[in-house]
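Trainee: I'm new to this one and would like a close look at a single part of it. Could you take me through the core and what surrounds it?

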Amino acid sequence: MKLTKDGKKSLLKIIASVLVIGALIAVAYIIFDALGITKLSREQIQDFVSSTGAIAPLAFIFISFLQVTLVPIPGMVTILAGNYLFGPWLSFLYSYIGMMIGSVVAWVLGRLLGRPYINWVAGSKEQADEWMKKLKGREIVFLFFAFLLPLFPDDLLCSIAGILPVRFGVFFIMQIITRFTSIGASLLFMSGEVIPFHGWGLWVIGALIILSIVAFIVSIKHAEKINQIFDKVVDGINNKFKKKSNKKVDND
């Protein structure tokens with residue numbers, strides 16, 4: 001199949017855009033790595049954000065964004081740093097904003113740049129292939145629990161989701177639910193302020209870990225059915241929006 005002149009121009013624009021985005025990402029990572037941002041501890045994040053003064057909330061949101069897209073900092077580290085700096089409520093809000101924006105950007109980058117970007121984020125093609133195998137046929141269920149639990153590489157999985165047969169609407173709803181839950185759980189259980197790291201607190205945390213693992217195993221077994229449910233929910237939401245927009249057009 002031969003491309004028309006317009007088709008060739010469009011293809012060249014897409015290739016140029018992908019190369020530019022890829023180059024910007026590589027440059028950004030090199031700069032962040034040189035500045036030591038890719039190896040920040042909780043204390044270093046706190047010191048850095050505190051030093052920004054009046055724009056500290058924006059600086060923290062930016063770090064939360066980077067945590068999902070370019071910089072391999074565990075989400076737990078940034079969330080708890082925010083708790084120390086702003087308290088639980090504002091830490092939740094700023095983390096949620098930064099991570100939601102970061103998740104969407106990571107998905108878009110994965111969709112635009114494809115496997116070369118995925119391989120780069122994963123560290124190697126072999127690592128990326130391993131994750132693709134794990135996700136095959138149970139994408140939604142696996143991703144849901146991966147985003148929910150603080151045991152998986154969010155930046156990589158958000159990017160991989162961009163090249164999987166996972167619609168953006170499904171991915172976005174998944175992010176809304178899991179980010180809300182995981183950030184809240186991190187502040188509730190891991191700060192040590194509400195549930196202590198001793199006595200009855202350890203029993204509560206242990207019970208929740210066991211329940212999460214059981215839920216994950218059961219969901220993986222019924223992954224196909226759960227994928228269908230998610231698709232139906234998204235279709236239902238899309239249909240409602242279409243009906244509302246059609247009514248507005250008719251009224252106008």
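Mentor: Here is a walk from the whole chain into its main core and back out to the surface.

Keep in mind that this is a predicted model. The chain has 12 helices and zero strands, so reading from the N terminus on you meet α after α. Of its 252 residues, 40% are buried. If you take the contacts between residues at least 6 apart in sequence, 72% of them link residues at least 24 apart.

Now for the core itself. The largest nonpolar core holds 37 residues, and Leu143, Leu157 and Ile160 are the ones with the most contacts inside it. Which elements give it two or more residues? They are α5 (88-113), α6 (115-122), α7 (125-135), α8 (139-148), α9 (154-161) and α10 (168-190). Apart from this core there's another one, made of 10 residues, including Phe60, Ile61, Ile63 and Phe86. As a general point, nonpolar side chains in soluble globular proteins tend to be buried together.

Let's zoom in on leucine 157. Skip its neighbours within four places in sequence, and you find it in contact with Trp131, Leu135, Leu143, Ala146, Phe147 and Phe152. Some of those names come back when you look at helix α8, where nine of the 10 residues are buried. The buried set there is Glu139, Ile140, Val141, Phe142, Leu143, Phe144, Phe145, Ala146 and Phe147.

Next, have a look at arginine 179, which sits in helix α10. Is arginine 179 buried or exposed? Its relative accessible area is 1%, and because buried means under 20%, arginine 179 counts as buried. Its side chain makes a polar contact of 3.0 Å with the side chain of serine 103. Again leaving out neighbours within four places in sequence, arginine 179 is in contact with Val68, Tyr96, Met99, Met100, Ser103, Phe147, Asp154, Cys158 and Gly184. Phe147 is worth picking out, since it is in contact with arginine 179 and with leucine 157 alike.

Finally, go out to the surface. Leu90, Leu93, Ile97 and Ile101 make a nonpolar patch of about 300 Å². One of them, isoleucine 97, lies in helix α5, which is among the helices that give two or more residues to the largest core. Isoleucine 97 has a relative accessibility of 33%, so it counts as partly exposed. For the chain as a whole, the accessible surface comes to about 14800 Å², with 69% of that belonging to carbon and sulfur atoms.

How values were computed:
Residues numbered from 1 in each chain as written. Predicted model: local features only at pLDDT ≥ 70, side-chain atom pairs only at ≥ 80, totals over all residues. Heavy atoms only, no water. Core = buried A, V, L, I, M, F, W, Y, C linked by side-chain atoms within 4.5 Å. Buried < 20%, exposed > 50% of the residue type's maximum accessible area, 1.4 Å probe, protein only. Helix = DSSP H or I, 4+ residues; strand = E, 2+ residues; numbered from the N terminus. Contact = heavy atoms within 4.5 Å. Patch = residues over 30% accessible without salt bridge, like charges linked within 9 Å, V, L, I, M, F, W, Y side chains within 5 Å. Areas by Shrake-Rupley, 256 points an atom, 1.4 Å probe, with all protein chains shown as cover. Salt bridge = Lys/Arg side-chain N within 4 Å of Asp/Glu carboxyl O. Polar contact = N/O pair within 3.5 Å; in protein donor to acceptor, adjacent residues only side chain to side chain.
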